[in-house]
Amino acid sequence: MTQHQLPKGFLWGGAVAAHQVEGGWNQGGKGISIADVLTGGAHGVDRVITDNIQQDSYYPNHQAVEFYSHYKQDIALFAEMGFKCFRTSIAWTRIFPNGDEATPNEAGLQFYDDLFDELLKYNIEPVITLSHFEMPWHLVKEYGGWKNRQVVDFFVKYSEVVMRRYQHKVKYWMTFNEINNQRDYKVPLFGYCCSGVIFNQEPNPEECMYQVLHHQFVASAQVVKLGHAINPAFKIGCMIATIPLYPFSCNPDDVMYAQEAMHHRFLFSDVQVRGYYPAYALLEWQRKGFHIDMQPQDAEILREGCVDYIGLSYYMSNAVSAHTKGNTDAITGFEGNVVNPYVKASDWGWQIDPVGLRYSLNILYERYQKPLFIVENGFGAIDKIGTDGKINDDYRIEYLKTHIEQMKKAVTYDGVELMGYTPWGCLDCVSFTTGQYDKRYGFIYVDKHDDGTGTMERSKKVSFDWYRQVIASNGEIL
Ligand code: BG6
């Protein structure tokens, strides 16, 4: 087999998530989502998870970048760049404002009908995440979030409603965004956004995290099976934050420690792709004395709900050393994390490693032989408007170019089956980890700032035309 180029029909596009772009947090009958109770933070300043909405707190996701009212204008710009697909999520709270209602909210359903129609008008395929760091706040307050098995049924019901409604408009789905973030259960934001649970407030945080995960694995599998019954042409994936943890040295202790650390990252795709728990996880639970509640039918549900593809985000690699075992890194939450002297880092400490992308694609493809889809990759930076009025984001072009080069090698040299590439935050949006506007990823600049100023006006950065050319040449001109 020789393949010199990316396949025809490769899904070039861009990615965002509902709560980071839409705004309109209380419009169209939408309920309060967990993203609506997160205050703004900054690099080194944690976002606070408040109890309900507090009058004197600042919540950037309430307004976000007003995609809810600007989506037609934004989609026209995506079309101008030549997007083949656009990844976003559905805000669960637009469909079921509290999560436990008997019937869905028609205004919310209509909003996504209109949004998908607008995309399809330009032949842009919607790629939809069912839960991207969002769930109804009511389900957290009244039910305890994903600790409670009842939430599985609420999620399956919500997913069934939207998959039936959009079965002729949406083909590509993912269940939970970066489901593995909550493995870093010591970081409150990660647990809260993935499952509505702050693990370190629980008597046994780690055991609780695995219980939550079991519920989400069962929910995801049920949704995959149901989705295939609704429309056999659906492609339904998992979504994993892919951060390879390199051994810091060739000392066998470091190598073994890195492999153990990678188990904690692979667990998520192992269960969702293969349909059963790997032995290393069951043995770990045994050693630690964890009891995870499972129902008799769960093993069969997991087996019958294997995903069709692996969606992944890739921003950085990390390195771990057996000698720093037990230390938790403030940024990533990884234990044993050490700075890799061979790579540089962004202003937010994210280590930039294009080769790590090729390495990760190979590791995942060798492990599963399932199609992969890079649904996030990108460079968060502070953009400045030059004296000529232009936003010259050549650092972003450099980051994306070097990553696309490695992605192409994975496909054309290593033979990895890759469905597409959707860089994160194609439209500037609110940062997830810090809640900032000024940490930007977009090809499209949004005039909105952390001090509250800005008009929400959209403009093209220099990377806009660069990416248009990349897509037009199917990745040949970088
Ligand atoms: C991923 C998330 O973790 O990284 C996105 O899926 C997020 O929601 C993206 O925005 C970039 O992170 P940040 O914190 O720079 O916005």
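What follows is a chat about a predicted model.

Visitor: Hi! What kind of model is this?

Guide: Hello! This is a predicted model.

Visitor: Let's start with the barrel. Which strands close into it, and in what order?

Guide: Eight strands close into the barrel, in the order β1-β2-β3-β4-β5-β7-β12-β13, and the pairing is parallel. Direction ignored, neighbouring strands of this sheet are turned by 30 degrees against each other on average.

Visitor: How many bridges join β1 to β13?

Guide: Two bridges join them: β1 covers residues 11-15, β13 covers residues 418-421, and the two run parallel. For W12, the bridge partner in β13 is Y421.

Visitor: And which residue stands opposite Y421 in the pairing of β12 with β13?

Guide: That would be I374. Strands β12 and β13 pair in the parallel sense, over two bridges. To get from β12 to β13, the chain crosses through helix α13, residues 394-412, and this β-α-β crossover is right-handed.

Visitor: Over how many bridges do β7 and β12 pair?

Guide: Four, again in the parallel sense, with β7 spanning residues 309-313. In that neighbourhood, S313 stands opposite E376 in β12.

Visitor: How many residues of β12 are buried?

Guide: Five of the five residues in β12, which runs over 372-376, are buried, so the strand is largely enclosed by the rest of the structure.

Visitor: Okay, switching to the ligand. Which residues come nearest?

Guide: There are 15 residues around the ligand, and E178, G380, S431, F432 and T433 come nearest.

Visitor: How does that shell divide into nonpolar, polar and charged?

Guide: Five residues of the shell are nonpolar, seven are polar and three are charged.

Visitor: Back to sheets. Which strands form the open one?

Guide: Three strands form the open sheet, in the order β6-β8-β9, and the pairing there is mixed. At the edges stand β6 (245-247) and β9 (337-338); each has a single partner strand, so one side of each is left without a neighbour in the sheet.

Visitor: How many bridges join β6 to β8?

Guide: Three bridges join β6 to β8, residues 318-320, and these strands run parallel. One pair to look at: Y246 has A319 as its bridge partner in β8.

Visitor: Which helix lies across β6 and β8?

Guide: Helix α9, residues 252-274, lies across both strands and runs at about 165 degrees to β6.

Visitor: What about α10, how many of its residues are buried?

Guide: Zero of its 10 residues are buried; α10 covers residues 279-288 and is hardly covered. Just after α10 comes G289, which takes a positive phi of about 70 degrees.

Visitor: Which residues other than glycine have a positive phi?

Guide: A64 is one of them, with a phi of about 40 degrees. Q369 is another residue other than glycine with a positive value, near 50 degrees.

Visitor: Where do those two lie?

Guide: A64 is in the loop between α1 (18-21) and α2, while Q369 has its place in the loop between α12 (354-368) and β12.

Visitor: Buried or exposed, for each?

Guide: A64 counts as buried, because it has 26 C-beta neighbours inside 10 Å. Q369 is exposed, since it has 10 other C-beta atoms within 10 Å.

Visitor: I clicked on F67 too. Where is it, and is it buried or exposed?

Guide: F67 belongs to helix α2, residues 67-81. F67 is buried, with 22 other C-beta atoms within 10 Å, and the cut-off for that class is 20 or more.

Visitor: Which residues is F67 in contact with?

Guide: Leaving aside neighbours within four places in sequence, F67 is in contact with V21, E22, G23 and D74. As for H19, 48 residues apart from F67 along the chain, the separation of the C-alpha atoms is 9.8 Å.

Visitor: Last one: where is G435?

Guide: G435 is found in the loop between β13 and β14 (444-446). With 25 other C-beta atoms within 10 Å, G435 is buried.

Visitor: What does G435 contact?

Guide: Setting aside neighbours within four places in sequence, the contacts of G435 are L38, T39, G40, G41, R47, P60 and V430. For a distance to try in your viewer, G435 and E417 are 18 residues apart in sequence and 34 Å apart in space, C-alpha to C-alpha.

Visitor: Great, thanks!

Note on methods:
Residues are numbered from 1 along each chain as its sequence is written. This is a predicted model: local features need pLDDT of at least 70, side-chain atom pairs count only at pLDDT 80 or more; totals for chains, interfaces and linings use all residues. A residue is near a molecule or strand if its C-beta atom, placed from the backbone, lies within 6 Å of it. Ala, Val, Leu, Ile, Met, Phe, Trp, Tyr, Cys and Pro count as nonpolar, Asp, Glu, Lys and Arg as charged, and the others, Gly among them, as polar. Two strands pair if DSSP finds at least two bridges between them. Axes are lines fitted to C-alpha atoms, for helices over the stretch in contact, and angles run from 0 to 180 degrees between N-to-C directions. Two residues are in contact if their C-beta atoms, placed from the backbone, lie within 7 Å. A residue is buried if 20 or more other C-beta atoms lie within 10 Å of its own, exposed if 12 or fewer, and partly exposed in between; C-beta atoms are placed from the backbone. A crossover is right-handed if, with the strands pointing away from the viewer, the path from the first strand over the helix to the second runs clockwise.
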